[in-house]
Amino acid sequence: MFLTVMAFKMFVDEKVDVAIIETGIGGEYDCTNILRKTSIVGISSLGFDHTTVLGNTLQDIAWQKSGIMKPNSVTIVANDQPKETHKILIERSVEKQTTLLEAPPFNKYNWCKNTSELGVLNTAQEINASLAIQLANAWINRNNKYDWLKKCNVGLNGMKQAPIWEINEQDKQALRDVKWLGRNQVLNVTPNLSYFLDGAHTIESIQLCSKWYQNICPKSQLNIQNILIFNVTALRDYCTFLKIILTENKIDLVLICPIITSIDNRRPDTVNLNFNYEEELIKCYNMKNSIDFCDVKVFNSIQETIKHVEMCSSSEKNTSYQVLVTGSLKLVGGVLEVLQS
């Protein structure tokens with residue numbers, strides 16, 4: 001909460017033209033929801049996450065997430081929302097007095113040419129790209145919203161669909177220029193060592209991560225050592241996550257460690273007061289014991305884990321090492337920090 005207040009003060013002091021605020025958890029009771037005059041609101045794909053706070057059903061989660069809707073705003077939601085959330089989103093938009101729109105499918109825009117040059121890698125990214133395009137357009141046209149809202153027709157889900165237009169070169173360039181560290185990111189460290197980083201931490205995103213890794217690292221490859229660096233935060237279902245990854249991909253070795261960069265590094269900005277190292281280490285060994293069909297090792301920190309990978313790859317130059325890092329954005333961030341140091 002303190003960091004949120006500090007961020008707001010900095011934005012005011014710096015007189016920013018546009019502030020893009022992302023909620024921490026949910027929406028209705030999130031500390032960022034103190035903002036009352038938000039003209040444009042976006043809600044990305046709903047799924048099971050933070051269930052101890054947001055609820056155990058998609059309807060409960062939709063109610064919480066839609067809490068960021070504001071009176072006289074335009075709210076645009078991603079086009080893949082689960083059917084059971086549609087009624088909640090519509091009812092909440094009426095309650096909150098907002099105009100509710102659904103972003104159109106990515107392939108419905110007039111792209112003029114092949115979209116492969118844009119670097120959009122999977123269905124989830126296409127959904128997010130369409131939502132981003134619509135939010136930017138809504139902001140640009142916020143002062144004449146009633147004119148462009150006339151172009152919106154009611155879609156199959158009972159929500160109006162946001163307008164579709166020809167995507168200009170500036171829009172395309174913006175999508176080309178997007179760099180999202182830790183999401184479908186590939187880092188080639190040495191000729192025989194590559195890291196594949198994705199901060200997936202829900203069942204839906206783990207499934208997408210697994211398919212992404214399958215596509216770029218097929219099981220049929222020879223002279224390849226596939227390594228998984230894995231952990232989760234809080235009470236996330238690591239057994240289900242591991243089952244998805246390990247059954248769909250050829251993983252030779254799993255490396256698990258507490259989400260701490262190094263044992264010796266205690267920078268104030270990296271300290272998590274909710275983090276108990278001994279408990280996290282026990283959780284790592286519990287994860288190890290849940291895996292019975294490939295080799296598993298537990299290390300004390302991210303730094304020690306990366307050192308082990310480097311030692312293996314440097315000792316076997318004729319073998320290519322492919323390292324998938326997933327399960328937590330914090331884990332991915334820690335790996336990136338170690339690799340860049």
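1. A good place to start is the open sheet: five strands make it up in the order E1-E2-E3-E5-E4, with mixed pairing. Strands here are DSSP runs of E with at least two residues, helices are runs of H or I with at least four, and both are numbered from the N terminus. Two strands pair if DSSP finds at least two bridges between them. Strands E1 (40-43) and E4 (153-154) stand at the edges with a single partner strand each, so one side of each has no neighbour in the sheet.

2. Before going on, note that this is a predicted model, where local features need pLDDT of at least 70 and side-chain atom pairs count only at pLDDT 80 or more, while totals for chains, interfaces and linings use all residues. Residues are numbered from 1 along each chain as its sequence is written, and side-chain values use heavy atoms, leaving out hydrogens and water.

3. Inside the sheet, strand E3 (residues 99-102) and strand E5 (residues 160-161) run parallel and are joined by two bridges. Leu 101 has Lys 160 in E5 as its bridge partner.

4. Zooming out, the chain has twelve helices and eleven strands in total. Its C-alpha trace spans about 65 × 45 × 40 Å along the principal axes.

5. For burial, 44% of the 341 residues count as buried, meaning under 20% relative accessible area with a 1.4 Å probe, protein chains only.

6. Finally, contacts (heavy atoms within 4.5 Å): among those between residues at least 6 apart in sequence, 76% join residues at least 24 apart.

Definitions and conventions
Buried means under 20% relative accessible area, exposed over 50%, partly exposed in between (1.4 Å probe, protein chains only).
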